[in-house]
Number of protein chains: 2
Amino acid sequence: MVSQGSEMVTLTDRAAMHAWSMEQRQEGRRIGFVPTMGALHAGHLHLVKQSLAQTDRTVVSIFVNPSQFGPKEDFDRYPRVPEADREMLAQVGCHALFYPDVASVYPEGFQTTVAVEPLGSELCGRERPGHFQGVATVVTVLFNLVKPDKAFFGLKDYQQFVIIRRLVRDLGMDVVVVGVPTVREADGLAMSSRNRYLTGEDRTRAVAIHRAIGAAKTAFEAGEKGSARLEAIARRILIDAGIHRIQYLSVRSADTLMPMKMIMTDGVILTAVKVGATRLIDNVLLTGSPS
Amino acid sequence: MVSQGSEMVTLTDRAAMHAWSMEQRQEGRRIGFVPTMGALHAGHLHLVKQSLAQTDRTVVSIFVNPSQFGPKEDFDRYPRVPEADREMLAQVGCHALFYPDVASVYPEGFQTTVAVEPLGSELCGRERPGHFQGVATVVTVLFNLVKPDKAFFGLKDYQQFVIIRRLVRDLGMDVVVVGVPTVREADGLAMSSRNRYLTGEDRTRAVAIHRAIGAAKTAFEAGEKGSARLEAIARRILIDAGIHRIQYLSVRSADTLMPMKMIMTDGVILTAVKVGATRLIDNVLLTGSPS
């Protein structure tokens, strides 16, 4: 059987990426784009499938972006499995893989930074200074090189999604930013490339994260609108499960990520915790709709 | 006589600008862009003429960008003469005027900043903190809205030109940045919208600026390659002319604006001075070619 994937092209520099995109545009094809750092899992493939369904040609980038890692973070040991990634993408019918080296993304003498502030210094940005500047900068570069009509981001990284949406609006970029609901393991753990760091006991404990924010969502749907009360419900469950290192656990406006005392509609509860040596994040929307 | 200018369209918001540009692109027309703050003079018109000669459709923006002015600078009193500007542009054959209000450039909740550092904190950036972040941000927005093939910048603002060129390269924008030689008054003073602030005596004194950097250029062409020596030649002439408030006077690499002890080729001498209450800048390239 010849899979669709046998036709996937791999592009490794700016000029090749540019030429491919211009060709698609000249043919009137709509380009969908899924930026990733590789180590692909079912969550990523779900994004790719969304893109395949909504556009004519899908390009996935794999680039472990050094500027979004802090000096003490896991850049060096971040999982890199390009051959497995490439095979998964080809199988699912992805049209192009953009797999640049650092110099193709950041040309010699690079010194430009894109910052979305204060959004980028809240929540994860407080724990990871400079992280969202790294994200906003690399996404701006990738959007300019790939020239997508639509770009697909997982809602698991909810703050990132809000920042990218804001960035695109602010800078007037011609890209529709699509947020795609989080894909979870059977027991509720949000899929993440970093889950492979979890040892057996930590893996079991990590299930409490979704259970905690899910309980807050249930309480919200049952009528509890106070942010502090919702946070307390989730916090109790985390602590009871032995997750004590809670970097943040916060109910916010889903639109602006501003703190709100009461959530009437369009809220989100977000958390970042350490489980063993691994930092995990998750969130659920407080809107009454499934997330 | 019906002037060409009678067909110039005026666009005042993002949607109209976007629609106009998409129409040109669909027709296969190359778009030239001249971003300005209005108060147009012969220097601006020279940029427009370059654009008209090199592209199929020319759009000029007039936007006095608040974010590139410091709190003590001349934003409020910056000259605004939209009717005179519009007439000049129509006369010269400009196709479109983009004349947005602040909310069309910076939508509600705007919080994105584009910074080119360290380039943006040198020279004028040292005297005007945040100025080049304001410039880089607004130019990124305008480029995304106008979607030009080529954009034209006066070399009078040489540091700005270098920063925009770097920005476009770094972020992978599909724009050719064209630097256009400075247009001068008959006595050598670089044309600037701020020249209208000069009173009679200051106007006379200001001529020394170009005389000073021109003398450095003459010395360079005669074989003097030492930056300190070239700077001393220019500084002497400024001081002898009664211009004592020299914010900077510096010989740099024309490519990177890095300081260099010796200039063998591709240098630039740049200066910013106060003449009366007015801040004036100028520069000449040290390349042997006319500037």
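Here's a quick briefing on how this structure is put together. It's a predicted model, and a turn of 180 degrees lays chain A on chain B with an RMSD of 0.0 Å. Chain A itself splits into domain 1 (4-180) and domain 2 (193-285). Below, we go from the domains to one helix, then to the core and the pairing of the chains.

**How the two domains of chain A meet**

- The centres of domain 1 and domain 2 of chain A sit 26 Å apart, going by C-alpha atoms.
- Where they touch, 13 residues of domain 1 of chain A are in contact with 12 residues of domain 2 of chain A.
- On the domain 1 side of that contact, α5 (124-127) and α7 (158-171) of chain A each chip in at least two residues.
- α7(A) gives the largest share of that side, with 3 residues.
- In make-up, the domain 1 side comes to 8 nonpolar, 2 polar and 3 charged residues.

**Helix α8 of chain A**

- Helix α8 of chain A covers residues 200-221, which makes 22 residues.
- At 1.5 Å a residue the helix should span 32 Å, and its end C-alpha atoms are 33 Å apart, so the expected and actual spans agree.
- Its buried residues are A:Ala206, A:Ala208, A:Ile209, A:His210, A:Ala212, A:Ile213, A:Ala216, A:Lys217 and A:Phe220. Note that A:His210 and A:Lys217 are on that list.
- What covers those buried residues? Among the elements doing it are α9 (227-240), β9 (267-275) and β10 (278-286) of chain A.
- Just after α8(A) comes A:Gly223, with a positive phi of about 120 degrees.

**The nonpolar core**

- The largest nonpolar core has 159 residues, and the members touching the most others in it are A:Ile269 and B:Ile269.
- Which residues does B:Ile269 touch, leaving aside those up to four places away in sequence? They are B:Ile213, B:Ala216, B:Leu230, B:Ala234, B:Val251, B:Asn283, B:Val284 and B:Leu286.

**How chains A and B are related**

- Along with the turn of 180 degrees, the shift along the axis is 0.0 Å. That's the relation of a two-fold axis.
- Both copies use the same surface, as 100% of the contact residues of chain A recur in chain B.
- Which residue of chain A comes closest to the rotation axis? That's A:Val114, whose C-alpha is at 2.3 Å.

Note on methods:
Residues numbered from 1 in each chain as written. Chains lettered and ligands numbered in written order. Predicted model: local features only at pLDDT ≥ 70, side-chain atom pairs only at ≥ 80, totals over all residues. Domains from an automatic or database assignment. Contact = placed C-beta atoms within 7 Å. Helix = DSSP H or I, 4+ residues; strand = E, 2+ residues; numbered from the N terminus. Nonpolar A, V, L, I, M, F, W, Y, C, P; charged D, E, K, R; others polar. Expected span 1.5 Å × (residues − 1). Buried ≥ 20, exposed ≤ 12 C-beta atoms within 10 Å, placed from the backbone. Core = buried A, V, L, I, M, F, W, Y, C linked by C-beta atoms within 7 Å. Least-squares fit on C-alpha atoms with pLDDT ≥ 70 in both.
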